[in-house]
Amino acid sequence: MTQRLDYNAASPAGVKTLAGVYGYISRSGLAKSLIDLVYLRVSQINGCAYCIDMHSRDLLKEGLDIEKLVLLPVWREGGALFTDRERAALAWAETVTRVAETGVPEAEYAAAAAVFDGQQLTDLTIAIGLMNAYNRMAISFRAPPAAVAALKG
């Protein structure tokens, strides 16, 4: 994969604004491990190699069990490996990321609202939207994953 455009250099103020939202989410009170799982799942759905690589590495550095990482794409079959809160966040992340297909049904909202209060659910949705934006940047401009960039080094 050849990078088309270095969006960090092309629009530093725009990328800095996205980073500000990222910083807000990191201070939101939602668990870092939960947010990182959501970031990875959204990136998997969107097929963003750059973000899949980055968030997988982050989760492993944080001590996530490899079994949980490997089963994330099929978390519904992961049973007790995922907490109720993680399962609710992942289900919400999937329906919001696929909004054009799902329309975010009432049942999906009710399930998420049963686990997260209003601010938490709003912040979680901001995090999902942010990762969708980052994925679109990285995919559109072909940001190379660290694993691939290291091979060229």
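Which residues of H3 are buried? The close-ups below start there, and they come from a predicted model.

**View 1. Helix H3 and its buried residues.** The buried residues of H3 are Leu34, Ile35, Asp36, Leu37, Val38, Tyr39, Leu40, Arg41, Val42 and Ser43. The cover over them includes helix H2 (12-26), helix H4 (49-61), H5, H6 and helix H9 (118-140). H3 itself has 15 residues and reaches 21 Å from its first C-alpha to its last, close to the 21 Å expected at 1.5 Å a residue. Just after H3 comes Gly47, with a positive phi near 70 degrees.

**View 2. A salt bridge within H3, between Asp36 and Lys32.** Side chains of opposite charge can pair when their charged atoms come close. Here, the side chains of Asp36 and Lys32 meet at 2.9 Å, N to O. Both residues sit in helix H3 (residues 32-46), four residues apart, or about one turn of the helix. That spacing is a handy one: an α-helix has 3.6 residues a turn, so residues three or four places apart point the same way. Asp36 counts as buried because its relative accessibility is 2%, which is under the 20% cut-off.

**View 3. Lys68 and Glu86, a salt bridge between two helices.** In this pair the closest N and O atoms are 2.8 Å apart. The bridge links distant parts of the chain: Lys68 belongs to helix H5 (residues 66-71) and Glu86 to helix H6 (residues 84-97), 18 residues apart. Lys68 and Glu86 are both buried.

**View 4. Arg76 and Glu94, a salt bridge from loop to helix.** The closest N and O atoms of Arg76 and Glu94 lie 2.7 Å apart. Arg76 is in the loop between H5 and H6 while Glu94 is in helix H6, so the pair ties together parts that are 18 residues apart in sequence. How exposed are the two partners? Arg76 counts as partly exposed, at 44% relative accessibility, whereas Glu94 is buried, with a relative accessible area of 7%. Elsewhere, Lys32, Asp36 and Glu62 are joined into one network by salt bridges that share partners. The structure holds six salt bridges.

**View 5. Where H6 crosses H8.** The axes of H6 and helix H8 (residues 106-113) come within 9 Å and cross at roughly 145 degrees. The crossing is left-handed. Which residues make the contact? From H6 come Ala91, Trp92 and Thr95, and from H8 come Glu108, Tyr109 and Ala112. Sorted by type, the residues of this contact are four nonpolar, one polar and one charged.

**View 6. Thr97 and its surroundings.** Thr97 has its place in helix H6. Is Thr97 buried or exposed? Thr97 is buried, because its relative accessible area is 11%, and the cut-off for buried is under 20%. Leaving aside its neighbours within four places in sequence, Thr97 is in contact with Val42, Ile45, Asn46, Ile128 and Asn132. Ser43 also belongs in this view: Thr97 and Ser43 are 54 residues apart in sequence, with 9.6 Å between their C-alpha atoms.

Terms used: Residues numbered from 1 in each chain as written. Predicted model: local features only at pLDDT ≥ 70, side-chain atom pairs only at ≥ 80, totals over all residues. Heavy atoms only, no water. Salt bridge = Lys/Arg side-chain N within 4 Å of Asp/Glu carboxyl O. Buried < 20%, exposed > 50% of the residue type's maximum accessible area, 1.4 Å probe, protein only. Expected span 1.5 Å × (residues − 1). Contact = heavy atoms within 4.5 Å. Axes fitted to C-alpha atoms, helices over the stretch in contact; angles between N-to-C directions. Left-handed = near helix turned anticlockwise from the far one by under 90°. Nonpolar A, V, L, I, M, F, W, Y, C, P; charged D, E, K, R; others polar.
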